[in-house]
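Visitor: I would like to go through a structure with you. Could we begin with its strands?

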Amino acid sequence: MKDYLTILGAGLAGSEAAWQAAERGVSVVLYEMRPTKPTPAHKTDHCAELVCSNSLGNNQSPSAPYLLKEELRRFNSLVINAGDTHSVPAGAALAVDRDLFSKKITEQLLKHPNITLIREEVLEIPSEGPVIVATGPLTSPSLSESISRLIGQEYLYFYDAISPIIDANTIDYNKTFFASRYDKGTDDYLNCPLNEGQYYALVNELKIGEKVPFKSFEKPIYFEGCMPVEELAIRGDKTLAFGPLKPVGLLHPETKEQFYAVVQLRHENKEGTAFNLVGFQTKLTYPEQKRVIRMIPGLENAEFFRFGAIHRNTYINAPDVLSCDLDLKSNRGIYFAGQIIGVEGYVESVSMGLLAALSAVKKIKGEEYLIPPVDTALGSLLKYVTENRRQSFQPMNINYGLFQVNEMKIKNKRERNKNIESKALNSLSKWMDTIDGELVK
Ligand SMILES: Cc1cc2nc3c(=O)[nH]c(=O)nc-3n(C[C@H](O)[C@H](O)[C@H](O)COP(=O)(O)OP(=O)(O)OC[C@H]3O[C@@H](n4cnc5c(N)ncnc54)[C@H](O)[C@@H]3O)c2cc1C
């Protein structure tokens with residue numbers, strides 16, 4: 001076993017893992033293949049680039065996504081700190097200026113004395129650990145083959161879709177209004193209201209619009225939280241009106257009118273020069289995206305900074321192959337972290353980077369490692385990805401359903417969630433003492 005840590009992939013999980021290990025005095029060699037070799041979704045050479053939405057999810061207490069972020073904050077998370085520093089208005093969510101966010105993370109990694117960043121594609125899993133594999137859902141093909149050989153299994157997969165980004169200068173602000181649902185947070189979302197006729201016309205075009213075809217061997221399997229908008233339209237004419245386009249809680253600020261449906265746009269950057277369409281992931285062809293999205297009131301002349309897209313997203317069968325320390329049961333010292341282990345979401349990926357790093361650092365130092373308690377968000381998510389189960393393994397976001405706590409019986413939802421949160425943070429602070437109490441507070 002080496003006395004330094006090799007990390008493959010400087011995405012969300014790999015960047016966090018590198019930082020956490022380096023802060024604990026361990027030397028880290030971090031490999032990132034961009035810009036030499038691109039992925040189908042990344043656009044820059046920055047570490048921890050956000051490939052789709054610029055939102056890191058709900059940031060309001062009490063909620064499971066907030067709790068996970070708060071636990072990461074207590075570990076002085078590199079990624080969440082960058083998110084807090086470069087947040088943009090987004091109501092209850094923590095959305096970020098994606099450029100400033102990933103630039104800051106890259107700078108922090110580059111100037112850390114314990115981290116060496118090597119811009120190179122890794123083709124094979126190094127034979128000697130400790131290694132953290134954090135190459136994400138778009139792991140390069142050669143490394144994917146190496147992983148398949150090592151774990152003796154085919155990957156699992158599903159499809160993940162990206163929503164379009166629009167030039168703020170090309171929006172008609174006379175037809176749209178700023179407001180957050182139920183006035184939560186400030187008026188951070190720009191809303192495009194649709195009447196009944198406009199809504200059904202849009203649904204119809206989403207259904208018949210030309211889509212990017214799948215390759216013959218690909219069978220589409222979507223993650224529920226990231227369904228393409230046209231797939232939702234195909235499920236039923238009203239599905240969108242009860243889903244991402246639901247109008248409830250969004251009255252016009254002056255006329256107090258309630259609309260049949262509302263398309264929401266969220267700030268993409270601090271300057272407010274770009275907006276993304278919330279929940280509008282799509283696999284329509286680019287010309288069709290232009291045509292159909294321009295049917296939305298206020299977006300008739302929209303110009304696109306980025307079109308929506310769809311990608312195959314791969315992950316390993318973690319409960320079968322990983323120990324609860326996040327290394328391979330068959331090859332101790334080879335750790336996996338991030339989306340590749342079947343957590344779904346940016347912050348979830350970051351959290352697995354943290355846990356893999358803590359575990360690997362303890363191994364390097366020859367100290368005992370205790371996994372996080374199951375009443376914390378970190379512990380619940382870890383349990384989900386590593387515990388054996390009868391049903392097939394599906395990628396998962398953080399949610400209260402994963403927590404093993406008695407509070408689930410409490411009827412008042414807010415009270416229940418508040419209890420879960422305070423217990424989790426108490427439990428976390430005791431567990432942190434077993435990790436390195438004097439270092440992180
Ligand atoms: C198209 C798409 C859209 C998504 N949209 C969202 C979203 O909107 N919100 C959300 O919460 N989650 C989203 N996800 C899911 C997930 O949260 C992100 O993929 C997240 O970036 C995963 O973090 P990660 O660290 O595991 O992987 P990544 O952030 O992808 O990092 C992996 C890194 O490894 C590098 N790499 C790959 N192979 C090699 C190699 N052989 N050698 C060296 N480096 C390598 C890559 O260049 C990349 O930088 C999306 C995923 C995809 C694929």
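**Strands, domains and ligand shell**

Guide: In this predicted model, strand 7 (residues 131-133) and strand 17 (residues 331-336) run parallel and are joined by three bridges. Strands are DSSP runs (E, at least two residues) and helices likewise (H or I, at least four), numbered from the N terminus; strands pair if DSSP finds at least two bridges between them. Residues are numbered from 1 along each chain as its sequence is written. Local features need pLDDT of at least 70 and side-chain atom pairs pLDDT 80 or more, while totals for chains, interfaces and linings use all residues.

Visitor: Which residue stands opposite Y335 in strand 17?

Guide: I132 does.

Visitor: And what is the order of the open sheet?

Guide: The order is 6-2-1-7-17-16, six strands with mixed pairing. Strand 6 (115-119) and strand 16 (327-328) are the edges, each pairing on one side only.

Visitor: Changing topic, how is the chain divided into domains?

Guide: Domain 1 covers 5-155 + 316-436 and domain 2 covers 162-312, with bounds from an automatic or database domain assignment. Their C-alpha centres lie 29 Å apart.

Visitor: How many residues are in contact there?

Guide: 20 residues of domain 1 contact 17 residues of domain 2, contact being C-beta atoms, placed from the backbone, within 7 Å.

Visitor: Which residues come nearest to the ligand?

Guide: Of the 37 around the ligand, G9, G11, C52, G136 and G338 come nearest; a residue counts as near if its C-beta atom, placed from the backbone, lies within 6 Å.

Visitor: Which helix gives the most to that shell?

Guide: Helix 1 does, with three residues.

Conventions
Contact = placed C-beta atoms within 7 Å.
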